[in-house]
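Here is a small set of exercises on reading a protein model. Have a look at the picture first, then try each task before reading its solution.

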Amino acid sequence: MTKNKWKAVSITATCITGWLFCFLGMNIFREYALGLFIWLPLVMGFMNTLIYQSKFQFTGYKEITGFIFLTLGIFYLGLLLFALEGFICMIMAAPIGFVFFTAGHLLARLVQKSKKGQQNISAVIIFIVISVPVFMAFDTLNKKDQIRSVNTHIEINASPETVWKNVIAFPQLKEPEEFIFKTGIAYPINATIDGRGIGAIRHCNFSTGSFVEPITQWNEPDLLRFSVTEQPVPMKELSPYNIHPNHLHGYWVSKQGQFKLTKLSNGHTLLEGTTWYVNKIKPDFYWTLWSDYIVHKIHERVLEHIKENAELSNSIQTK
């Protein structure tokens, strides 16, 4: 068999294994965690390299890099075409996938340098492939969800009393200009409120639905705090199909939020928006970079809108 044909065998075996285990992790175990995002790409990189180098050797870093990118490109394209995942989520997962796939590649090369590794390639591949569902099953037992908070602030040229009126409810926002919100990520549209004081129900309406927010603290004009009893899906997937992956339902959970208003010495108001949420997608060190960033951009969109409306109201009052 020629070198290119053997590459095709290695890539095909690796991608099929990856697709099957992605289906297992996403739809059977329903865990988006270490087994899916760390161990699976590591095993794929290990398997891909071990199969190929059982017959041929890489000739340099250019060939290695091309081999890795080609395998991952076909793998991610398959996820999209088989309706397992959407485009934006694959873009988010690609960096961590590349890192651990490459780590698997390097590990395989170390194994093949040993005499025992050369003698037992088939056994090594079988063992490490079997380890994937074991790791995924372990993820179902290791559920430790941590509540995180994201705080964003802005200074507004208006009094807290004026800002407060634009905090409890605000009119329609402009269409988003931020690229992140043009990819399908949910973004705020407007906010309404039924009632006043503790027990009032605030609705923060997003592009995918509404957050239902019962008011738990109403200290006019200093602090508005609310819990979250209902929330929409966090995004609409970009896909050739109308897909609804499991991670859109219950894996990012908003717990509560607040707006804090502080009067500054210059007569302006410091407005702080805080969201407390749980991100059940692991590993935390990677996925919270994305979730914190997205929450912060949502805050910025809302706070800038409140600032614009409050300063407009303030200018009208001072005329």
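The exercises below concern a predicted model, and each one comes with a worked solution.

**Exercise 1. Work out how helices α1 and α2 are placed relative to each other.**

Solution. Begin with the distance and the angle: the axes of α1 (residues 3–29) and α2 (residues 34–53) come within 9 Å and cross at roughly 160°. Next, compare that angle with the cut-off: angles over 145 degrees count as roughly antiparallel. Therefore α1 is roughly antiparallel to α2. The handedness comes next, and α1 passes α2 in a right-handed crossing.

Now look at who touches whom. Residues of α1 including Trp6, Ile11, Phe21 and Met26 meet residues of α2, among them Leu36, Leu40, Met44 and Ile51. Sorting the residues of this contact of α1 with α2 by type gives twelve nonpolar, five polar and two charged.

**Exercise 2. Do the same for helices α1 and α3.**

Solution. Here the axes of α1 and α3 come within 9 Å and cross at roughly 40°. The cut-off for roughly parallel is under 35 degrees, and roughly perpendicular starts at 65. That makes α1 oblique to α3. The crossing of α1 and α3 is right-handed.

On the α1 side, the contact includes Lys3, Lys7, Cys15 and Trp19, while the α3 side includes Glu63, Phe67, Leu70 and Ile74. By type, the residues of the contact of α1 with α3 divide into nine nonpolar, five polar and three charged.

**Exercise 3. Check the span of helix α3, then find what its buried residues pack against.**

Solution. Take the 21 residues of α3 (residues 61–81) and use 1.5 Å a residue, which leads to an expected span of 30 Å. A helix is counted here as 1.5 Å times one less than its number of residues. The end C-alpha atoms of α3 are 30 Å apart, so the model agrees with the expected span.

Then turn to burial. The buried residues of α3 include Ile64, Phe67, Ile68, Leu72, Phe75 and Leu79. The buried residues of α3 pack against α1, α2 and α4 (87–113).

**Exercise 4. Decide whether Glu63, His305 and Ile126 are buried or exposed.**

Solution. The cut-offs you need are under 20% relative accessible area for buried and over 50% for exposed.

- Glu63 lies in helix α3. Its relative accessibility is 14%, so Glu63 counts as buried. Beyond residues up to four places away in sequence, Glu63 touches Lys3, Lys7, Tyr52, Gln57 and Phe58.
- His305 is found in helix α8. With 9% relative accessibility, His305 counts as buried. Leaving aside neighbours within four places in sequence, His305 is in contact with Phe170, Pro171, Gln172 and Leu173.
- Ile126 lies in helix α6 (residues 121–141). Its relative accessible area is 51%, so Ile126 is exposed.

One more step for Ile126: how far apart are the C-alpha atoms of Ile126 and Met26? These two residues are 100 residues apart along the chain, and their C-alpha atoms are separated by 22 Å.

**Exercise 5. Find where the backbone does something less usual, and say where each place lies.**

Solution. Start from the general rule: most residues other than glycine have a negative phi, and most peptide bonds are trans. Now go through the exceptions one at a time.

First, the phi angles. Arg30 is not a glycine, yet Arg30 has a positive phi of about 55°. Arg30 is found in the loop between α1 and α2. With a relative accessible area of 45%, Arg30 is partly exposed. Ala83 is not a glycine either, and has a positive phi of about 60°. Ala83 is found in the loop between α3 and α4, and comes just after α3. At 32% relative accessibility, Ala83 counts as partly exposed.

Second, the peptide bonds. The bond from Glu220 to Pro221 is cis, with omega near 0°. Pro221 sits in the loop between β4 (209–219) and β5 (223–227). The bond from Lys282 to Pro283 is also cis, with omega near 5°. Pro283 is found in the loop between β7 (269–279) and α8 (284–318).

How values were computed. Residues numbered from 1 in each chain as written. Predicted model: local features only at pLDDT ≥ 70, side-chain atom pairs only at ≥ 80, totals over all residues. Heavy atoms only, no water. Axes fitted to C-alpha atoms, helices over the stretch in contact; angles between N-to-C directions. Helix = DSSP H or I, 4+ residues; strand = E, 2+ residues; numbered from the N terminus. Parallel < 35°, antiparallel > 145°, perpendicular 65-115°, else oblique. Left-handed = near helix turned anticlockwise from the far one by under 90°. Contact = heavy atoms within 4.5 Å. Nonpolar A, V, L, I, M, F, W, Y, C, P; charged D, E, K, R; others polar. Buried < 20%, exposed > 50% of the residue type's maximum accessible area, 1.4 Å probe, protein only.
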